[in-house]
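Student: I have a structure open and I'm not sure how to read it. Could you walk me through a few features, one by one?

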Amino acid sequence: FCFLVFGIILSISSKFYLDSSTIYSQDVPSYLLYPFSPISEALSSHRTMGFPALLQSYILLDSDLSSLPFFLYLVYCLSITYLFFSLHRLKIKPLVTLSVALAMLFNYSFVSGINTLTASTLVSILMVLILALTFRIKDRVKFFSMTALTILTFFVYQTRPNLAPIIFLIPIWIFLINYFLSKNTFKQSLKLGSLNLSINIFFLGLFLLSRVLIVSEFGMASFSGTVLSGQALSYYDKNENYNFSQNQKILIDKISEKRKLISYPCNKDVSKLTNQDRHECGNIWIMTAWLTSIKHFYGEEPSKISAENIEPWKIMELGPFLSRNNVRVDNALGDFSSRVILSHPQLALSRGLFELRFAFQGLLELFATKIVYFLPLLFGSLFWIFRVFFIQRTDQIGLKAILNSKEFTLLLLFLFISLSYMLLLILIPSFMLHLDYRYIYGSSIFFLIPIFLFLTTSFILYKD
């Protein structure tokens, strides 16, 4: 019933409507143009295979992807249902289990991306399924659960490469759930977490080794050096010696000169740039370095009109132009970026801390302005105060019993899961690139669960 009502609300608010221009705008063209063969081209792309696999498979069924938003919502509802029954198996009170499901239903990262076809929708589905499976793994005999969890983990970092470190988080979640909630022994819980960690490290290592052997590059995709160039370009001082070769110096001088042509404040002298400038201009500098490098190596530009190539992202979609083998460009920009950033550690640290502050301010704003966050927090606080100070009846569960209950343990576990996932999605990107609200919303997908649990545990009154 909840899924139906929320689906109707989404439908009324046009969340299931996909504009005909969507498949030609923003990141979607690059997903649709991702080359799955030959394998060398697939591993040389700046994209990973997760979301392209979904879009390119679905477009065989629906040529304009118009039904995809509704399909994503349906699959998301099914994944939440699976999470609901995973918790129900642990004999969690129905009210508490329902609150977890509702919390995931109101996931802002999923809802905001459903009709723009952003990768956050697939990430949300995969993370709910991963979470559900972590509650089902109780012993090493659960071959299906462990195998499914491994596959989903692989696909989640193939959808968002910055989620690769989650292979270290999930084993910790498995250990904590088994030890504190399922009441397995410390040794058994540790074995389950270690087994999952070993399997995930093997598959990630296998993928990284494949890229090294096939395209001679280490990393999730041919994009890390490209991304870092946006940061490096804001520190680069042509009067300093970075020990570049002559050929490297030619490319970097071209990029530096191109930066002077773009709009204010992104064309300011490096010595006058602030962290706010670096935050606002990060994407623009990445595009400047990327497009200049493509022209340098391949003699190609997005437009035949020179003036349009100064800031082409303002007048055209660049996804099709940028969908190419990016190894050579990424290696060149990676070498440039590493030398410059390592030469300016204080600037890099200062910028990283600025991005962290921006992220946490964004999270506070999310909790303060989105009614689905602050109302449960407010009422939960009021109900807990009422529960502690005013409810004294003997036929009700005492406060100490609640704190020792499975439901309260579940609240603490979800609080840890939410915080660890949030830090994973914010800490690493903040020191690599500028953060925008996609990262902030994406990092908060589990935060509603402990908030809703904080509210509903205050209603646990009777032993049954």
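**Reading the model, feature by feature**

Tutor: Let's start in a loop: leaving aside residues up to four places away in sequence, Arg324 touches Ser44, Ser45, Ile294, Tyr298 and Glu300. Keep in mind that this is a predicted model.

Student: Where does Arg324 lie?

Tutor: Arg324 sits in the loop between helix H15 (319-322) and helix H16 (327-343). You can also set a distance in sequence beside one in space: Arg324 and Leu197 are 127 residues apart in sequence, and their C-alpha atoms are 34 Å apart.

Student: Okay, now helices. Which residues of helix H1 are buried?

Tutor: First the general idea. An α-helix has 3.6 residues a turn, so residues three or four places apart point the same way. Now the case here: in H1, residues 2-12, the buried ones are Phe6, Gly7 and Leu10. Looking down the axis of H1, you find its buried residues within an arc of 105°, so they line one face of the helix.

Student: Which exposed residues does the face turned away from the buried side of H1 carry?

Tutor: That face carries Leu4 and Ile12, both exposed. As for the buried residues of H1, what covers them includes helix H5 (68-88), helix H6 (94-105) and helix H7 (108-113).

Student: You mentioned H5 and H6. At what angle do they pack?

Tutor: H5 and H6 pack at about 155°, and their axes are 9 Å apart. An angle over 145 degrees counts as roughly antiparallel, and that makes H5 roughly antiparallel to H6. The crossing in which H5 passes H6 is right-handed.

Student: Which residues make that contact between H5 and H6?

Tutor: From H5 come Tyr73, Tyr76, Ile80, Leu83, Phe84, Leu87 and His88, while H6 brings Thr97, Leu98, Val100, Ala101, Met104 and Leu105. Sort the H5 and H6 contact by class and you get 11 nonpolar residues, two polar and no charged.

Student: How are helices H9 and H11 arranged?

Tutor: Helix H9 covers residues 143-159 and helix H11 covers residues 186-215; they pack at an angle of about 45°, with axes 10 Å apart. H9 and H11 are therefore oblique to each other. Their crossing is right-handed. On the H9 side the contact is made by Met146, Leu149, Thr150, Thr153, Phe154, Tyr157 and Gln158, and on the H11 side by Leu192, Leu195, Asn196, Ile199, Asn200, Phe203, Leu204 and Phe207. This contact of H9 with H11 divides into 10 nonpolar residues, five polar and no charged.

Student: And how do H14 and H17 cross?

Tutor: Helix H14 (residues 275-298) and helix H17 (residues 345-369) cross at roughly 70°, and their axes come within 10 Å. Angles from 65 to 115 degrees count as roughly perpendicular, and H14 and H17 are therefore roughly perpendicular to each other. H14 puts Asn275, Gln276, Arg278 and His279 into the contact, and H17 puts in Leu347, Ser350, Arg351, Phe354, Glu355 and Phe358. In the contact of H14 with H17 you'll find three nonpolar, four polar and three charged residues.

Student: Let's turn to the backbone. Which residues are joined by a cis peptide bond?

Tutor: The general idea again: most residues other than glycine have a negative phi, and most peptide bonds are trans. Here, a cis bond joins Ser37 and Pro38, with omega at about -10°. Pro38 lies in the loop between helix H2 (28-32) and helix H3 (39-42). A cis bond also joins Tyr264 and Pro265, with omega of about 5°. Pro265 is in the loop between helix H13 (246-259) and H14.

Student: What about phi: which residues in the loop between H1 and H2 have a positive value?

Tutor: Among them is Ser14, which isn't a glycine yet has a positive phi of about 65°. Ser14 follows H1 and has its place in the loop between H1 and H2. Gln26 is found in that loop too, and its phi, near 50°, is likewise positive in a residue other than glycine.

Student: Are Ser14 and Gln26 buried or exposed?

Tutor: Ser14 is partly exposed, with a relative accessible area of 37%. Exposed means over 50%, so Gln26, at 60% relative accessibility, counts as exposed.

Key: Residues numbered from 1 in each chain as written. Predicted model: local features only at pLDDT ≥ 70, side-chain atom pairs only at ≥ 80, totals over all residues. Heavy atoms only, no water. Axes fitted to C-alpha atoms, helices over the stretch in contact; angles between N-to-C directions. Helix = DSSP H or I, 4+ residues; strand = E, 2+ residues; numbered from the N terminus. Parallel < 35°, antiparallel > 145°, perpendicular 65-115°, else oblique. Left-handed = near helix turned anticlockwise from the far one by under 90°. Contact = heavy atoms within 4.5 Å. Nonpolar A, V, L, I, M, F, W, Y, C, P; charged D, E, K, R; others polar. Buried < 20%, exposed > 50% of the residue type's maximum accessible area, 1.4 Å probe, protein only. Arc of directions from axis to C-beta.
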